[in-house]
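Welcome to a short set of exercises with worked solutions. Keep the sequence and the 3D view side by side, and try each task before reading on.

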Amino acid sequence: MDGIVIYYLSMFIMSVILAGVYVFLWHKHFNVFFSLIFAFIPIVNLGHYLKATATTLEEVIIAQKIIYLGGCFLILFISLYILQNCNIKVPKFASTTMIIISMGVYGFVLTIGQGEWFYKSI
């Protein structure tokens, strides 16, 4: 195995273990964005591992779509978590609007390999 593949595999395994620890320690009073962060990180790490081991273009495209989950949502979830943790009130309308915008951007990501909205060519 290549060194980068081992790195991505170890990061994926570590993130799954830490997410498992989080699930074991989870309480209902935990912030929902903090829980979403722990849910998304192993998925994104799996995407990196899949991309590193891909052998066909279709596999790379699917892995890239998984990786973009983190690009579209993780920064938003981290920002909203920090704002709530610092007791900065964000109206539900604003956070819902930001999530909808991120979903719209991810909708364009899903067109990779099919349309020209996100990548012109692969």
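Read along the sequence, the protein chain runs α-α-α-α. This is a predicted model, in which local features need pLDDT of at least 70 and side-chain atom pairs count only at pLDDT 80 or more, while totals for chains, interfaces and linings use all residues. Residues are numbered from 1 along each chain as its sequence is written, and side-chain values use heavy atoms, with hydrogens and water left out.

**Exercise 1. Describe the protein chain as a whole.**

Step 1. Start with the elements: the protein chain has four helices and zero strands. Helices (H or I, at least four residues) and strands (E, at least two) are DSSP runs, numbered from the N terminus.

Step 2. Turn to the dimensions: the C-alpha trace of the protein chain spans about 45 × 35 × 20 Å along its principal axes.

Step 3. Look at burial: 28% of the 122 residues count as buried. Buried means under 20% relative accessible area, exposed over 50%, and partly exposed in between (1.4 Å probe, protein chains only).

Step 4. Finish with contacts, meaning heavy atoms within 4.5 Å. Among contacts between residues at least 6 apart in sequence, 61% join residues at least 24 apart.

**Exercise 2. Work out how α1 packs on α2.**

Step 1. Two packed helices are described by the angle between their axes and the distance between the axes. Axes are lines fitted to C-alpha atoms, for helices over the stretch in contact, and angles run from 0 to 180 degrees between N-to-C directions.

Step 2. For helix α1 (residues 3-25) and α2, the angle is about 160 degrees and the axes are 9 Å apart. That makes α1 roughly antiparallel to α2. The cut-offs are under 35 degrees for roughly parallel, over 145 for roughly antiparallel, 65 to 115 for roughly perpendicular, and oblique for the rest.

Step 3. α1 passes α2 in a left-handed crossing. A crossing is left-handed if the near helix is turned anticlockwise from the far one by less than a right angle, and right-handed if clockwise.

Step 4. Find the partners: residues including Y8, F12 and Y22 in α1 meet residues including F38, I41 and Y49 in α2. By class, this contact of α1 with α2 has 16 nonpolar, five polar and no charged residues. Ala, Val, Leu, Ile, Met, Phe, Trp, Tyr, Cys and Pro count as nonpolar, Asp, Glu, Lys and Arg as charged, and the others, Gly among them, as polar.

**Exercise 3. Do the same for α2 with α3, then for α3 with α4.**

Step 1. Helix α2 (residues 32-53) and helix α3 (residues 57-85) pack at about 155 degrees, with axes 8 Å apart. They are therefore roughly antiparallel to each other.

Step 2. The crossing of α2 past α3 is left-handed. The contact of α2 with α3 holds 20 nonpolar, six polar and two charged residues.

Step 3. The axes of α3 and α4 come within 10 Å and cross at roughly 170 degrees. These two helices, α3 and α4, are therefore roughly antiparallel as well.

Step 4. α3 passes α4 in a right-handed crossing. Residues of α3, among them K65, Y68 and F73, meet residues of α4, among them S95, M103 and Y106. The contact of α3 with α4 divides into 13 nonpolar, two polar and one charged residues.

**Exercise 4. Place two residues of α2, I41 and K51, in their surroundings.**

Step 1. I41 sits in helix α2 and counts as partly exposed, at 35% relative accessibility.

Step 2. Leaving out residues up to four places away in sequence, I41 touches S15 and L74. I41 and L74 are 33 residues apart along the chain, yet their C-alpha atoms are separated by 7.9 Å.

Step 3. K51 is also found in helix α2; its relative accessible area is 36%, so K51 is partly exposed.

Step 4. Beyond its neighbours within four places in sequence, K51 is in contact with V60, A63, Q64 and I67.

**Exercise 5. Is N87 buried or exposed, and where does T111 lie?**

Step 1. N87 lies in the loop between α3 and α4, and with a relative accessible area of 63% it is exposed. Its phi is near 60 degrees, a positive value in a residue other than glycine.

Step 2. T111 lies in the segment after α4 (92-109). At 14% relative accessibility, T111 counts as buried.

Step 3. Not counting residues up to four places away in sequence, T111 touches W117 and F118.
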